[in-house]
Protein chains: 2
Amino acid sequence: MKNYKMIITYDGTRYYGWEHQPTTDMTIQGKLESVLSAMTGTEVEVIGAGRTDAGVHAKGMVANAHMETKMKEDDICDYMNRYLPEDICVQEVRIASDRFHSRYNAQGKTYCYTCYVGDKKPVFNRKYVNIIEGKLDVEAMKKAADILTGEHDYASFCGNPKMKKSTVREIYSIDVSLKGSFLNLTYHGSGFLQYMVRILSGTLLEVGQGKRTPESMYELLEERNRSLAGATAPAKGLCLLKVDYSKEA
Amino acid sequence: MKNYKMIITYDGTRYYGWEHQPTTDMTIQGKLESVLSAMTGTEVEVIGAGRTDAGVHAKGMVANAHMETKMKEDDICDYMNRYLPEDICVQEVRIASDRFHSRYNAQGKTYCYTCYVGDKKPVFNRKYVNIIEGKLDVEAMKKAADILTGEHDYASFCGNPKMKKSTVREIYSIDVSLKGSFLNLTYHGSGFLQYMVRILSGTLLEVGQGKRTPESMYELLEERNRSLAGATAPAKGLCLLKVDYSKEA
């Protein structure tokens, strides 16, 4: 039995998120497990570094699975890509240490939230962006993003009202960058709470629209009250870019 | 009654091509006409510079329509974009001369045929590329493209076996360029026969795969026989980039 680490890209549009659902097989985890179970002839569990929501995309999701197979890593990768649907692709498969756990060992994650701010509809990118009408004050958004960076209690940005564990996280950086008609909000942090990146993005967009001041972010962090933060931005603008591990992992 | 010229972008994936079909309303022309007919309260005919096939995309299709309306050009554009589906977008509307005809006055067209030649599946671009497995000899394709450029009888590259008019066309340039994992075949010509760009692309791909020599293009042009050319490349890799008109149009 070996422990395989995989890097996975997917277009989340058609899926009910990463995690298994009792009523549908349209989950990323479900698709991966069904291909690997067919490959090995035995039930395989795929553990993901995070549980992306329905409609969220990934360029660099990391997962691991313990499997018994004589196939080489590259052949496993080719097999998976042959049988997975065209909107899921395995970039790499390699043997990890037995103890490697893609979620518990993750030291950081990078997400990008993409907004489209052009005049005309983004015909070819429409499934990967949040379309924003009207102008955004990007400088105000940068100021707010700076205030939200650091180690804080992000309870105001947590989508799970029953969250019992700590809501303290560290965001290493939030980069707000306008490239042509695309505004990218790139978050690098130790970890993120449920819907946290989408609530942060929705809040930053409200700052950009002049509905909130950058300085009001201080109060938001202090209040620890989800109802005070902005709307949860639509899933389709979000993409998991990268998961960090220590060198050994 | 004024004559309006429009530039239109569309993702052709869901459509049965540009032109009206008796059995479906899923055509680009049909969608445009139904919005403009609703806007003016009277039947509007939209004339396109070309009739793209089912599944073919466009960034710069040009069309014109004679309409009676008090709305300004920008307001017409906004109205259309509000009511058109998210995969069709009008970039610009402006008043043209009464005699302007988007098809008869077109002096040239630029098409791009995009092939994906990377190792892994192109998850996010999958609907806009032809996925090619194995290596391509790009230099051989460039040589073949040069031979196919110029004024020739392209009967071997015409998909319509009942074509009665001249099959002579002039291709000003065929640019073969590899950018990362994407190979773009960009055609600029006076006009193109039915399926011509896709048959040229299928033939050039067979040259790239070593199934034909660049020199065999001379014979292909001479023979004037569709069955001797390569396969018609899939529609989804093709995009109409631009239509040229004289300055006055």
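1. A:Cys112 stands opposite A:Thr186 in strand β9 of chain A, and this pair is a convenient place to enter the sheet of what is a predicted model. A:Cys112 and A:Thr186 face each other where strand β5 (residues 108-116) of chain A and strand β9 (residues 182-189) of chain A pair in the antiparallel sense, with eight bridges between them.

2. On strand β9 of chain A there is a further pairing to consider, since strand β8 (residues 168-179) of chain A also runs antiparallel to β9(A) over eight bridges. Within β9(A), A:Gly189 is the bridge partner of A:Ile171. The strands β8(A) and β9(A) form a hairpin with two residues between them, and in that turn A:Gly180 has a positive phi of about 65 degrees.

3. In chain B, strand β5 (residues 108-116) and strand β9 (residues 182-189) run antiparallel and are joined by eight bridges, and here one may pick out B:Cys115, which stands opposite B:Leu183 in β9(B). Strand β8 (residues 168-179) of chain B is likewise joined to β9(B) by eight bridges, again in the antiparallel sense, and B:Val176 has B:Leu185 as its bridge partner in β9(B). The hairpin of β8(B) and β9(B) has two residues between the strands, with B:Gly180 in the turn at a positive phi of about 65 degrees.

4. Turning to the helices, which residues of α3(A) meet α4(A)? Those of α3(A) are A:Ala140, A:Met141, A:Ala144, A:Ala145 and A:Leu148, and they meet A:Leu200, A:Leu204, A:Leu205, A:Val207 and A:Gly208 in α4(A). By class, the residues of this contact of α3(A) with α4(A) divide into nine nonpolar, one polar and no charged.

5. As for the geometry of that contact, the axes of helix α3 (residues 138-148) of chain A and helix α4 (residues 196-208) of chain A come within 8 Å and cross at roughly 140 degrees. Because angles over 145 degrees count as roughly antiparallel and those of 65 to 115 as roughly perpendicular, α3(A) and α4(A) are therefore described as oblique to each other. The crossing of α3(A) and α4(A) is right-handed.

6. In chain B, the axes of helix α1 (residues 28-40) and helix α2 (residues 73-83) come within 10 Å and cross at roughly 120 degrees, so that α1(B) and α2(B) are oblique to each other, and their crossing is right-handed. On the side of α1(B) the contact is made by B:Leu32, B:Val35, B:Leu36, B:Ala38 and B:Met39, and on the side of α2(B) by B:Ile76, B:Tyr79, B:Met80 and B:Tyr83. The residues of the contact of α1(B) with α2(B) divide into nine nonpolar, no polar and no charged.

7. How, finally, are the chains arranged, and what turn lays chain B on chain A? Chain B can be laid on chain A with an RMSD of 0.0 Å by a turn of 180 degrees, together with a shift of 0.0 Å along the axis, which is the relation of a two-fold axis. Among the residues of chain B, B:Asn125 comes closest to this rotation axis, with its C-alpha at 4.6 Å.

8. A last point concerns the interface, where 100% of the interface residues of chain B are also interface residues in chain A, so the copies meet through the same surface.

Key:
Residues are numbered from 1 along each chain as its sequence is written. Chains are lettered from A and ligands numbered from 1 in the order in which they are written. This is a predicted model: local features need pLDDT of at least 70, side-chain atom pairs count only at pLDDT 80 or more; totals for chains, interfaces and linings use all residues. Side-chain values use heavy atoms; hydrogens and water are left out. Copies are superposed by least squares on the C-alpha atoms of residues with pLDDT of at least 70 in both. Contact means heavy atoms within 4.5 Å. Axes are lines fitted to C-alpha atoms, for helices over the stretch in contact, and angles run from 0 to 180 degrees between N-to-C directions. Helices (H or I, at least four residues) and strands (E, at least two) are DSSP runs, numbered from the N terminus. Angles under 35 degrees count as roughly parallel, over 145 as roughly antiparallel, 65 to 115 as roughly perpendicular and the rest as oblique. A crossing is left-handed if the near helix is turned anticlockwise from the far one by less than a right angle, and right-handed if clockwise. Ala, Val, Leu, Ile, Met, Phe, Trp, Tyr, Cys and Pro count as nonpolar, Asp, Glu, Lys and Arg as charged, and the others, Gly among them, as polar. Two strands pair if DSSP finds at least two bridges between them.
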